[in-house]
There are 2 protein chains.
Amino acid sequence: MLELGGEALVLTHDAMAEGVHFLPGQDQADIAWKLVSSNLSDLAAKGTDPLGVLLGYQFGADDARFLAGLEEVLAHYGVPLLGGDTIGATGAQVLGLTALGRATHRPVPSRSGAQAGDTVWITGPVGAAMLGFEALRDGTGADSLAFRRPRALLAEGEALAPAVTAMMDISDGLLLDASRMARASGISFAIDSTAVPIAVPEHRRAEALRWGEDYQLLFTLPAGAEPPVTAFRVGQAIPSAAAPILLDGQPQREDSGLGYEHR
Amino acid sequence: MLELGGEALVLTHDAMAEGVHFLPGQDQADIAWKLVSSNLSDLAAKGTDPLGVLLGYQFGADDARFLAGLEEVLAHYGVPLLGGDTIGATGAQVLGLTALGRATHRPVPSRSGAQAGDTVWITGPVGAAMLGFEALRDGTGADSLAFRRPRALLAEGEALAPAVTAMMDISDGLLLDASRMARASGISFAIDSTAVPIAVPEHRRAEALRWGEDYQLLFTLPAGAEPPVTAFRVGQAIPSAAAPILLDGQPQREDSGLGYEHR
């Protein structure tokens, strides 16, 4: 974050690589969409109105499709491409995007402001991206839109910014990102697994809590406060306990099993 | 460029790839230096005071050396790292850097403002990076600093911004970048090859005029104006002629031989 002319400028940069963040052979238009959405999701979590993006583009399998997807996603969000660079290189395609925006509320929400006694909320279900990924990977023809074309919750983030004590987007899995928020805030979260809305069959609930890329917003509110947008209460902030996350009362080990550490 | 709170924010993004922009096996600290300097040089050409950078970093041959070089170059310029992302991926290392800054003069200098009658200037000699590259490539032990650790001319750019009609940094070669400026301005430049200061033996003058990465500033001034910093007059802007560049009176073909098109 940067102060300029009385405004708070929020900046984010995400890089994505072929074979790590997207499948080789995946539609390049979808890759452009996701690259932009994942960055704008970071801005959404800070209640930030996007001003533009800059792209670092390594030529890849289908540059025309990438450009088409880029134009589509930027038009969707009404965000301009401010600049960037193109390069040719061998090996896996690597893409980078910088997004910047103007904070709509001060202080800018962070992941470190949750306090014991706060309630813990999520804006919507998790697991849809997981199903979409599987459909795409396995070629089943089932709906893969949630994985291919996630939406950044910009309006929700802006509405929430004045109300929350902490906020972040869930890109690496609910439990992992919640543990990061709890740790950054110096507290723990008691999460009720059955309170988490899921977009998958019940027997896959545990996986959905650990799968990322749904880009829902995770936030905390002072006790008794109601969120200004549709959201689901999934737990409570408590004083620092045996682990950052107690799931249905059980401390969760952080070194494995909470989510996608390497994304 | 972006207006924010009464300030003009200038943004630039450069990407670099192993095997294209730097040699495999080159000191990663030098790569960090060049990545930052090349972006800050873009800001210098716009008379912009840097506010910070964001890095997209793909893990490479020596991450500790890269980090050491990054810290060194950021300290050199007094510029903070505002954010970024790290990824692991196979293949050639690809790096991206976004730099942003505050314009110190309005209008912000561009490459499109040169007018017939203007004089054409360069801040210093070209060719030193070429010699440095050769020393490094051939392992001669000769000085390679100019290639490895170019300097962004931030103070010069800021001093020049109120005076120039057009300005850009020379990253791809004097003749190529001058032809871009002439074309963007809708005029031609008559360049006197012997007036160009060179850091190489006389018999390599033609090469030095076509080799990039010295990051000198190229600018135009109204007829009769003197530059506020040390600079060398290399030519004159004339009405659009047979080619964007007349070198010693000879129109230069643009499709080859002016500089490094693919950098």
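1. A salt bridge is taken here as a side-chain nitrogen of Lys or Arg within 4 Å of a carboxyl oxygen of Asp or Glu. By that rule, zero salt bridges are found across the interface of chain A and chain B.

2. The model is predicted: local features need pLDDT of at least 70 and side-chain atom pairs count only at pLDDT 80 or more, while totals for chains, interfaces and linings use all residues. Residues are numbered from 1 along each chain as its sequence is written, and side-chain values use heavy atoms, with hydrogens and water left out.

3. Contact (heavy atoms within 4.5 Å) joins 32 residues of chain A to 32 residues of chain B. The two chains bury about 2500 Å² between them, 75% of it on carbon and sulfur atoms; buried area is the accessible area (1.4 Å probe) that two parts lose on being put together, summed over both. Within chain A, the most area is lost to chain B by Leu4(A), His13(A) and Ile87(A), together 24% of what that side buries.

4. Which strand gives the most to the side of chain A that touches chain B? That strand is β2(A), with nine residues; strands are DSSP runs (E, at least two residues), numbered from the N terminus.

5. A rotation of 180° with 0.0 Å of shift along its axis superposes chain A on chain B, at an RMSD of 0.0 Å; the fit is by least squares on the C-alpha atoms of residues with pLDDT of at least 70 in both. The two copies are therefore related as by a two-fold rotation axis. Both copies use the same surface, since 100% of the contact residues of chain A recur in chain B.

Conventions: Chains lettered and ligands numbered in written order. Helix = DSSP H or I, 4+ residues; strand = E, 2+ residues; numbered from the N terminus.
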